[in-house]
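Student: Can we go through this one by asking what earns each label? I'd like the cut-offs next to the values.

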Amino acid sequence: MSTERPATNPPPSRSSDTALNPESPIPNPIAQSDRLRLTEIFLSLQGESRSVGWPTVFVRLTGCPLRCGYCDTAYAFHGGQWWEIEDILAEVARHGARHVCVTGGEPLAQKRCLVLLERLCDAGYSVSLETSGAIDIAPVDLRVQRVIDLKTPGSGELAKNRWQNLDHLQPSDQIKFVVCDRADFDWAMQVTREHRLHERCEVLVSPSFGQVQPAELADWLLAEKLPIRFQMQLHKQLWGEAQGR
């Protein structure tokens with residue numbers, strides 16, 4: 001495991017703008033270039049999804065239009081710095097990992113994220129995207145593994161789910177439910193059956209950290225007898241709440 005710290009402070013040549021509204025999708029005030037606002041880039045082990053355990057470079061974009069009650073990356077709601085896409089690619093390559101995860105915040109809130117995803121795929125990486133599902137996933141390069149966090153009632157952001165995204169699911173995609181209580185779990189099972197999600201792609205369920213006991217959720221899932229995958233956040237088991245791990 002690398003001991004390098006997250007690359008949160010890019011060279012001074014990249015411009016900084018702190019006037020962004022963290023409640024809205026991030027606009028780019030510099031119209032002429034391929035730039036994205038980043039909170040951090042770092043090497044860690046993938047803690048969730050199908051690629052769990054793989055050394056992975058995480059590219060965390062700044063900004064999110066949601067405010068989920070269980071969010072563990074609120075530090076990415078604002079701040080950050082502008083990076084040229086070419087510089088992002090160079091930093092990713094420096095870490096020497098095959099897997100790259102583009103995350104946030106909500107990465108699709110920045111439209112140039114689509115360009116970054118395409119460029120990463122073109123460079124031969126195994127690319128995943130962690131998205132809330134509140135923004136249209138249809139334009140995302142189909143080479144990308146899209147991990148969609150469907151918002152449960154306990155998240156406080158149920159109304160933000162973009163249900164049309166389910167029509168664009170591919171077998172390579174994954175649907176994730178973060179469960180805050182038994183009512184969340186029952187809701188997730190109902191949605192899975194109603195939309196036959198387990199027949200479209202892999203479905204994951206995980207306990208909200210500190211709200212549901214993992215063993216309790218595991219028992220609920222076993223009783224359902226649905227082909228749904230239980231998962232826990234490996235990175236939190238290893239490093240707790242440490243940022244950039």
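Tutor: Let's take the sheet, then the salt bridges, then the backbone oddities.

Tutor: Ground rules: this is a predicted model, where local features need pLDDT of at least 70, side-chain atom pairs count only at pLDDT 80 or more, and totals for chains, interfaces and linings use all residues. Residues are numbered from 1 along each chain as its sequence is written, and side-chain values use heavy atoms, with hydrogens and water left out.

Student: What makes β4 mostly covered?

Tutor: Strands here are DSSP runs of E with at least two residues, helices are runs of H or I with at least four, and both are numbered from the N terminus. Buried means under 20% relative accessible area, exposed over 50%, and partly exposed in between, using a 1.4 Å probe and protein chains only. Five of the five residues in β4 are buried. H99, C101 and T103 point one way, V100 and V102 the other, and all are buried.

Student: How do you know which strands β4 pairs with?

Tutor: Two strands pair if DSSP finds at least two bridges between them. β2 (residues 55-61) and β4 have five bridges, in the parallel sense, with R60 opposite T103. β4 and β5 (residues 126-131) have four, also parallel, and there V102 stands opposite L129. Both pairs therefore pass the rule of at least two bridges.

Student: What makes β3 and β9 edge strands?

Tutor: The open sheet has nine strands in the order β3-β1-β2-β4-β5-β6-β7-β8-β9, with mixed pairing. β3 (81-84) and β9 each pair on one side only, and that makes them the edges.

Student: Why is the β4, α2 and β5 unit called right-handed?

Tutor: A crossover is right-handed if, with the strands pointing away from the viewer, the path from the first strand over the helix to the second runs clockwise. β4, α2 and β5 make a β-α-β unit of that hand.

Student: Why is the contact of R146 and D173 called a salt bridge?

Tutor: The rule asks for a side-chain nitrogen of Lys or Arg within 4 Å of a carboxyl oxygen of Asp or Glu. For R146 and D173 the closest N and O atoms are 2.7 Å apart, so the pair qualifies. R146 lies in strand β6 and D173 in the loop between β6 and β7 (174-179), so the pair ties together parts that are 27 residues apart in sequence. Both residues are buried.

Student: How many salt bridges does the rule give?

Tutor: The count is 17. Among them is E202 with R229, at 2.9 Å from N to O, which links strand β8 (residues 202-207) to strand β9. R50, E202 and R229 are linked in a network of salt bridges.

Student: In the salt bridge of R143 and D141, which label does each residue get, buried or partly exposed?

Tutor: The side chains meet at 2.8 Å, N to O. D141 has a relative accessible area of 19%, so D141 is buried. R143 has 44%, so R143 is partly exposed.

Student: What makes the phi of K225 worth flagging?

Tutor: The value is near 60 degrees, positive in a residue other than glycine. K225 is in the loop between α5 (214-224) and β9 (229-230), and at 71% relative accessibility K225 counts as exposed. R196 also has a positive phi, near 50 degrees, but R196 counts as partly exposed at 44%.

Student: And what is the omega of the cis peptide bond?

Tutor: Omega is about 15 degrees for the bond joining G104 and G105. G105 sits in the loop between β4 (99-103) and α2 (113-122).
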